[in-house]
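User: Hi! I'm new to reading protein models and would love some help. Could you walk me through a few features, one at a time?

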Amino acid sequence: MEKLFESIEEHPEPQEAEITGSIPDWVEGYLFRAGPAKWDFEDGFTLNHYGDGTSLMNKFTIEKGKVTVMTKFLDSEAYQKLLQFNRPIFTEYGTRSYPDLCKNIFQRFIATFLPMSFTDNNFDNFLMLEDEMYLISEKNSYWKINSDDLTAIEKTDISNVVSVNAATSHPHIAQDGTIYNIGSSVMTGMKYNIFKTPPKSADGLSALQRTTMLSTISSSYTTCLSYYHSFGLSENYILLVEQPYLINTLKMATSGIVGYCFHDLMDWYPDEKAIFRLIDRETGIEIETKYVTNAFFFFHHINTYEEDGHLVSDLVTYSDPDVVNHLLLEKLRLGTFPMAIVAGLTRFVLPLNTEGKQGSNLVTLKNTKAIAVKQDENSVLLIPETKGKKGFEFPAINYSMFNSKKYRYVYGSSVFNRAELANSVQYCILLNF
């Protein structure tokens with residue numbers, strides 16, 4: 001496993017891949033992926049966390065049973081500064097920032113009193129906005145990429161578009177082509193902002209120019225925001241899960257003086273509840289009912305859909321965020337991963353009609369073991385159902401056909417699971433027809 005975390009270099013010229021087995025001739029097209037790929041720099045400096053590595057974009061071209069591969073580092077400002085100084089000038093997840101020696105003494109002094117600036121080292125997800133391809137992450141930058149040669153064309157700061165300081169890595173595309181995403185803002189209080197990009201119109205505006213705010217809701221915490229990597233989208237609702245893995249903005253405000261990295265800002269509160277918050281997709285108004293459950297940690301929503309007066313939400317969950325700590329490079333390069341840290345497919349069922357007696361189970365769906373117990377007028381306690389075996393991550397469904405709809409199959413990877421499902425691609429059958 002440790003070989004996965006060795007620094008590599010880019011190969012921008014297409015190379016033919018070695019193939020084991022055969023690829024049917026009818027399989028053709030392009031696959032774009034990105035991820036961290038370089039952590040080690042001259043003079044012996046190494047970044048601390050897997051997520052700090054410089055972004056390497058990959059383009060796979062599949063045609064007539066053959067595959068060619070080209071790779072290129074994202075030419076971000078963070079990457080340019082790393083090459084120049086062999087130190088990060090922007091704060092990464094697990095590595096603090098260093099002074100920018102291109103600035104004068106006064107500028108560097110002032111910089112120590114400013115909150116940390118977000119890196120533009122994006123690698124989480126490629127997003128198509130009409131005929132333009134963007135590389136995005138949990139940050140405030142969208143990098144426009146040339147799909148032919150992986151050249152970085154232009155960076156857009158989305159805080160200038162919809163006034164958010166960061167946004168999720170996984171926007172949703174609705175059946176009508178509208179794209180939804182959620183971002184956070186801290187300048188006027190702890191807020192979550194839902195924004196949307198409507199389908200292409202005849203007004204001549206670009207996708208980002210047509211992007212507008214749908215709704216703003218306040219955090220459940222006065223000085224903190226919940227960490228969220230993704231969210232849920234059903235036919236009528238947007239689902240935001242506030243897990244009690246919190247970004248401490250008081251620490252963020254003093255980060256320049258203390259020298260925090262982003263990991264230092266995160267606090268885990270295992271005795272707090274995770275809160276499921278539903279927002280109407282049409283009006284942007286949050287429903288009054290709060291659905292709560294025992295604390296858990298997650299990165300990925302799988303799918304969210306409505307059925308017979310219920311909202312069904314499938315997530316990949318961990319018992320706590322310890323997985324993040326074990327993504328430190330010094331641990332990954334030992335070639336082992338704790339067997340106790342495994343994710344599982346977890347189903348929550350939220351009754352949309354919450355009338356009933358206190359203490360009663362409001363779930364009336366068949367073929368589910370998930371429970372929802374009414375606590376008081378506007379509070380429901382969720383007890384989830386576990387699906388499949390542990391060791392399941394990076395979920396994928398037939399998105400174009402079944403996003404926001406009842407579905408049968410989900411595919412995933414064992415990732416770092418060292419147990420029964422190690423080194424495997426998996427699928428789970430969720431429904432039996």
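Analyst: Sure, let's begin with aromatic rings. Rings of Phe, Tyr and Trp count as a pair if their centres lie within 6.5 Å. Keep in mind that this is a predicted model.

User: Okay, how many aromatic pairs does the structure hold?

Analyst: The structure holds 21 aromatic pairs.

User: And how do I describe one of them?

Analyst: You give the distance of the ring centres and the angle of the planes. Take Y245 and F297: the centres are 5.4 Å apart and the planes stand at 90°, so you call this pair edge-to-face. The label comes from the angle, because planes over 60 degrees apart count as edge-to-face.

User: Where do Y245 and F297 lie?

Analyst: Y245 is in strand β17 (residues 245–248) and F297 is in strand β21 (residues 297–307), so their pair ties together parts 52 residues apart in sequence.

User: Are these two buried or exposed?

Analyst: Buried means under 20% relative accessible area. Y245 comes out at 5%, so it counts as buried. F297 has 0%, so it is buried as well.

User: What does a stacked pair look like here?

Analyst: Try F296 and F348. Their ring centres are 5.4 Å apart with the planes at 25°, so this pair is stacked. Again the angle decides, because planes under 30 degrees apart get that label. This pair links distant parts of the chain too: F296 is in the loop between β20 (290–293) and β21, while F348 is in strand β23 (residues 344–351), 52 residues away. Both F296 and F348 are buried.

User: Which residues do ring pairs link into a cluster?

Analyst: That would be Y227, Y245, W268, F297, F299 and Y318. You've already met Y245 and F297 as an edge-to-face pair.

User: What lies over the face of F123?

Analyst: K139 does, at 5.3 Å from the ring centre.

User: Now sheets, please. How do I read one?

Analyst: Strands of a sheet pair through backbone hydrogen bonds, either parallel or antiparallel. Then you follow the order of the strands. One open sheet here has four strands in the order β1-β4-β3-β2, with antiparallel pairing.

User: Which strands stand at the edges of that sheet?

Analyst: β1 (11–16) and β2 (29–38) do, and each has a single partner strand, so one side of each has no neighbour in the sheet. From one strand to the next, the twist averages 20°. For a detail inside the sheet, look at β3 (residues 54–63) and β4 (residues 66–73), which pair in the antiparallel sense over eight bridges. F60, for example, has V69 in β4 as its bridge partner.

User: What about a sheet of three strands?

Analyst: There's an open, antiparallel one, with the order β27-β28-β29. Its edges are β27 (393–396) and β29 (425–429), each with a single partner, so one side of each lacks a neighbour in the sheet. The twist here averages 30° from strand to strand. Two bridges join β27 to the antiparallel strand β28 (residues 409–413), and E393 has S413 in β28 as its bridge partner.

User: Which residues does UniProt list for "binding site"?

Analyst: The UniProt entry, which is unreviewed, lists H170, H229 and H300 under that heading. They are spread over 131 residues of sequence but cluster in space, with a largest C-alpha distance of 8.8 Å.

User: How do I look at H170 and H300 more closely?

Analyst: Check place, burial and contacts. H170 is in the loop between β9 (166–167) and β10 (172–173), and its relative accessible area of 24% makes it partly exposed. Beyond its neighbours within four places in sequence, H170 is in contact with N125, H229, S230, F231 and H300. H300, in contrast, is in strand β21 and is buried, at 9%. Leaving out residues up to four places away in sequence, H300 touches H170, H229 and E393, among others.

User: One last residue: where is M133?

Analyst: M133 is in strand β6 (residues 132–136), and at 4% relative accessibility it counts as buried. Not counting residues up to four places away in sequence, M133 touches several others, including F32, F126 and W143. The C-alpha atoms of M133 and N146, 13 residues apart along the chain, are separated by 7.1 Å.

How values were computed:
Residues numbered from 1 in each chain as written. Predicted model: local features only at pLDDT ≥ 70, side-chain atom pairs only at ≥ 80, totals over all residues. Heavy atoms only, no water. Phe/Tyr/Trp six-rings, centres within 6.5 Å; stacked < 30°, edge-to-face > 60°. Buried < 20%, exposed > 50% of the residue type's maximum accessible area, 1.4 Å probe, protein only. Lys NZ or Arg CZ within 6 Å of the ring centre and 35° of its normal. Pairing = 2+ DSSP bridges. Axes fitted to C-alpha atoms, helices over the stretch in contact; angles between N-to-C directions. UniProt positions renumbered as here; feature names shortened; annotations may be inferred. Contact = heavy atoms within 4.5 Å.
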